[in-house]
Amino acid sequence: MMIDTPAEKPFHRLLLTGAAGGLGQVLRERIKPWAHIVRLSDRAGMGEAGDGEEIVQCDLADKSAVLALTEGVDAVLHFGGISVEDRFEPIMQANILGLYNLYEAVHKSGVKRVVYASSNHVTGFYRNTEIVDADMPLRPDGFYGLSKCFGEALSRYYYDRVGIETVCLRIGSSFEQPKNARMMTTYLGYDDLVELLRCALFTPRVGHTIVFGTSDNDASWWDNRKASHLGFRPTDSSRRFKYLFPDTAERPGDDPATIFQGGPFVTAGPMY
Ligand code: NAI
Ligand code: 15L
């Protein structure tokens, strides 16, 4: 089923967190057709507010600031937080406490839907010979992946308890282009990211949905049939970057980074 974008700007105010980050900078312009006002937030600077923009610089760990952040907002695109493996403490502040603060604020402000940037690293310890779907047990590959598992479970709780709908995007690798051979499988082009967001925002009922975010790449580790109600149909593919990584054949070996889906994240944690 193809989900139509409603005519005319459907939202009064959309909140984008992580607006200073790599994906936030891409989305800043691309989500403007969906709302009269886009409220941009990050703990880092975001420059001057343009037409139809509001800028709110704050830390997700600051509960009262996050409550103020969600006031008057119709829906949230939550991209803020630590986006790679790190020590537990900063991950806890941004991705665990920060997520709790966000959902408490969303609840108090009456926001009905959140699109949450989860990550493929919630299942990074599956082997790259396996196909994973949304109902399979989580197998995080580090503290970062663990924090995203918390986000998925927290958003499920707020749906079951108070009916806030969330689409958890288990994003693969969303960059201008794949940076290594693994990303030929995990690549999510920016146009497809925007289309996935559009589906997540405008599908009439999503409840609590988990969807893997990849383009139509030649190889895939993920089965999205349980999110088919979103109607997400990627049109980009890492195929157009084949010239960068012509040789992606599987090789037997004992390097965890080539055995597991999480790639280098599986040994990046400061545990060893
Ligand atoms: P990024 O690291 O470029 O952007 C994250 C932004 O969050 C940064 O601007 C940072 O200042 C902000 N932030 C960090 N801690 C914060 C805090 N305590 N309070 C307020 N803001 C804070 O990451 P990127 O690539 O733009 O990713 C955006 C989101 O998508 C992240 O949540 C990441 O985990 C998720 N994601 C991204 C993928 C990708 O391939 N780019 C893949 C999977 C998930
Ligand atoms: C992620 O979750 C990260 O945020 C991003 O920086 C990439 O490394 C991506 O996963 C990936 O798996 O390639």
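Author: Before we start, one bit of vocabulary: an angle between helices under 35 degrees counts as roughly parallel, over 145 as roughly antiparallel, 65 to 115 as roughly perpendicular, and whatever is left is oblique. Also, keep in mind that this is a predicted model.

Reader: Okay, so why are H2 and H3 called oblique to each other?

Author: Helix H2 (residues 63-70) and H3 pack at an angle of about 45 degrees, with their axes 8 Å apart. That angle isn't under 35, over 145 or between 65 and 115 degrees, so the pair is oblique. H2 passes H3 in a right-handed crossing.

Reader: What makes the contact between H2 and H3?

Author: From H2 come Lys-63, Val-66, Leu-67 and Thr-70, and they meet a group in H3 that includes Tyr-100, Leu-102, Ala-105 and Val-106. Sorted by class, this contact has six nonpolar, three polar and two charged residues.

Reader: Phe-88 is in H3 too, right at residue 88. Why is Phe-88 called partly exposed?

Author: Its relative accessible area is 37%. Buried would need under 20% and exposed over 50%, so Phe-88 lands in between. Leaving aside residues up to four places away in sequence, Phe-88 touches Ile-96 and Phe-143.

Reader: How do you know that Trp-222 and Phe-212 are buried?

Author: That cut-off of under 20% again. Trp-222 has a relative accessible area of 9%, so it is buried. Phe-212 comes in at 1%, so it is buried as well.

Reader: Moving on to aromatic pairs, how many does a search of the whole structure find?

Author: Ten. One of them is Tyr-103 with Tyr-158.

Reader: Why is the pair of Tyr-103 and Tyr-158 called tilted?

Author: The ring centres are 5.4 Å apart, with 45 degrees between the planes. Centres within 6.5 Å make a pair, and an angle that is neither under 30 nor over 60 degrees makes it tilted. Tyr-103 lies in helix H3 and Tyr-158 in helix H4 (residues 143-162), so the pair ties together parts 55 residues apart in sequence. Both tyrosines are buried.

Reader: And what makes Phe-212 and Trp-222 a stacked pair?

Author: Their ring centres are 5.2 Å apart, which is within the 6.5 Å limit. The planes sit at 15 degrees, under the 30 degree cut-off, so this pair is stacked. Phe-212 belongs to strand E8 (residues 208-213) and Trp-222 to strand E9 (residues 222-223), so parts ten residues apart in sequence are tied together.

Key
Residues are numbered from 1 along each chain as its sequence is written. Chains are lettered from A and ligands numbered from 1 in the order in which they are written. This is a predicted model: local features need pLDDT of at least 70, side-chain atom pairs count only at pLDDT 80 or more; totals for chains, interfaces and linings use all residues. Side-chain values use heavy atoms; hydrogens and water are left out. Helices (H or I, at least four residues) and strands (E, at least two) are DSSP runs, numbered from the N terminus. Buried means under 20% relative accessible area, exposed over 50%, partly exposed in between (1.4 Å probe, protein chains only). Contact means heavy atoms within 4.5 Å. Axes are lines fitted to C-alpha atoms, for helices over the stretch in contact, and angles run from 0 to 180 degrees between N-to-C directions. A crossing is left-handed if the near helix is turned anticlockwise from the far one by less than a right angle, and right-handed if clockwise. Ala, Val, Leu, Ile, Met, Phe, Trp, Tyr, Cys and Pro count as nonpolar, Asp, Glu, Lys and Arg as charged, and the others, Gly among them, as polar. Rings of Phe, Tyr and Trp (its six-membered ring) pair if their centres lie within 6.5 Å; planes under 30 degrees apart count as stacked, over 60 as edge-to-face and the rest as tilted.
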